[in-house]
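This report describes how the strands, helices and buried residues of the structure shown below are arranged. The sections follow the sheet, the helix packed on it, the cores and the cysteines.

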Amino acid sequence: MTGVLVLNAGYEPLQRVSLAHAVRMLHRQVAVVEEAVDGRTFGPYPLPRVLRLVRYVQMRWRNRRGIPMWSRSGMLERDGHVCAYCGTRGATTVDHVLPRSRGGASSWLNTVAACLDCNHRKRDRTPQEAGMGLRFEPHVPTHRDLLAR
């Protein structure tokens with residue numbers, strides 16, 4: 001997983017940010033390093049793996065509907081970048097179980113991570129039509145599921 005995990009002042013996971021964003025947070029003194037990469041620095045700062053905010057931030061928006069909005073990056077995180085068809089690691093493409101050409105939506109229950117080869121092989125067919133079984137069923141993750149990786 002790339003990026004730096006940001007914890008709230010109460011140690012709840014909030015989000016992941018880029019290394020550049022994390023260094024800006026350290027420079028502005030809005031966060032402190034909770035966990036760093038041993039022996040590595042970024043300018044005057046230790047290379048952070050986990051930051052903690054100095055002040056507590058209210059995150060009411062996160063619990064408003066209970067489920068996170070669908071996104072390509074969130075879906076890939078949910079599946080751990082593992083292809084749903086062949087099981088290889090490093091999947092980088094989104095596959096719609098019911099293809100968009102047939103009315104399939106970009107939703108948590110209709111998308112899975114797929115490697116480029118499997119995505120091309122399946123094309124605009126359903127997994128049954130392509131003879132490709134899903135190794136796991138798509139599910140709706142929680143915010144914690146997406147931040148835990």
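## The E3–E4 hairpin

In this predicted model, strands E3 and E4 form a hairpin with 2 residues between them. Gly43, which lies in the turn, has a positive phi of about 65 degrees. The two strands pair in the antiparallel sense over 7 bridges. Phe42 has Tyr45 in E4 as its bridge partner.

## The four-stranded sheet

The hairpin strands belong to an open sheet of 4 strands with the order E2-E1-E4-E3 and mixed pairing. Its edge strands are E2 (13–17) and E3 (31–42), each of which pairs on one side only. On average, and with direction ignored, neighbouring strands of this sheet are turned by 30 degrees against each other.

Strand E1 (residues 4–7) and strand E4 (residues 45–53) pair in the parallel sense over 3 bridges. Within this pairing, Val6 has Leu51 in E4 as its bridge partner, and Leu7 stands opposite Arg52 in E4. In general, strands of a sheet pair through backbone hydrogen bonds, either parallel or antiparallel.

## Helix H1 on the sheet

Helix H1 (residues 19–27) packs on the sheet and touches E1, E2, E3 and E4. The direction of H1 makes about 75 degrees with that of E4. Just after H1, Gln29 takes a positive phi of about 60 degrees.

Which residues of H1 are buried? They include Ala22, Val23, Met25 and Leu26. These residues lie on the same side of H1, because they cover an arc of only 155 degrees around the axis. An α-helix has 3.6 residues a turn, so residues three or four places apart point the same way. The cover over the buried residues of H1 includes E1, E2, E3 and E4.

## Two nonpolar cores

The largest nonpolar core has 17 residues, of which Met75, Cys83, Tyr85, Val112, Ala113, Cys118 and Met132 touch the most other members. Helix H2 (72–78) and E6 are the elements that give two or more residues to this core. E6 provides the largest share, 3 residues. Leaving aside residues up to four places away in sequence, Met132 touches Tyr85, Cys118, Arg121, Lys122 and Pro127.

A second, separate core of 11 residues includes Ala22, Leu26, Leu53 and Met59. Of these, Ala22 and Leu26 are among the buried residues of H1.

## Asn110 in the E5–E6 loop

Asn110 is found in the loop between strand E5 (93–96) and strand E6 (111–114). Is Asn110 buried or exposed? Asn110 counts as buried because its relative accessibility is 10%, and the cut-off for burial is under 20%. Apart from residues up to four places away in sequence, Asn110 touches Asp95, His96, Val97, Leu98, Gly104 and Ala105.

## Cysteines without a disulfide

A search of the whole structure finds 0 disulfides. Cys115 is in no disulfide, and the nearest cysteine sulfur, that of Cys118, is 3.5 Å away. Why is there no bond between Cys118 and Cys115? The sulfur of Cys118 lies 3.5 Å from that of Cys115, its closest cysteine sulfur, which is too far for a bond, because a disulfide requires sulfur atoms within 2.5 Å.

Both cysteines fall under the 20% limit for burial: Cys115 is buried at 12% relative accessibility, and Cys118 is buried with a relative accessible area of 6%. Cys118 is also one of the residues that touch the most other members of the largest nonpolar core.

Key:
Residues are numbered from 1 along each chain as its sequence is written. This is a predicted model: local features need pLDDT of at least 70, side-chain atom pairs count only at pLDDT 80 or more; totals for chains, interfaces and linings use all residues. Side-chain values use heavy atoms; hydrogens and water are left out. Two strands pair if DSSP finds at least two bridges between them. Axes are lines fitted to C-alpha atoms, for helices over the stretch in contact, and angles run from 0 to 180 degrees between N-to-C directions. Contact means heavy atoms within 4.5 Å. Buried means under 20% relative accessible area, exposed over 50%, partly exposed in between (1.4 Å probe, protein chains only). The arc is that of the directions from the helix axis to the C-beta atoms. A nonpolar core is a set of buried Ala, Val, Leu, Ile, Met, Phe, Trp, Tyr and Cys residues joined through side-chain atoms within 4.5 Å.
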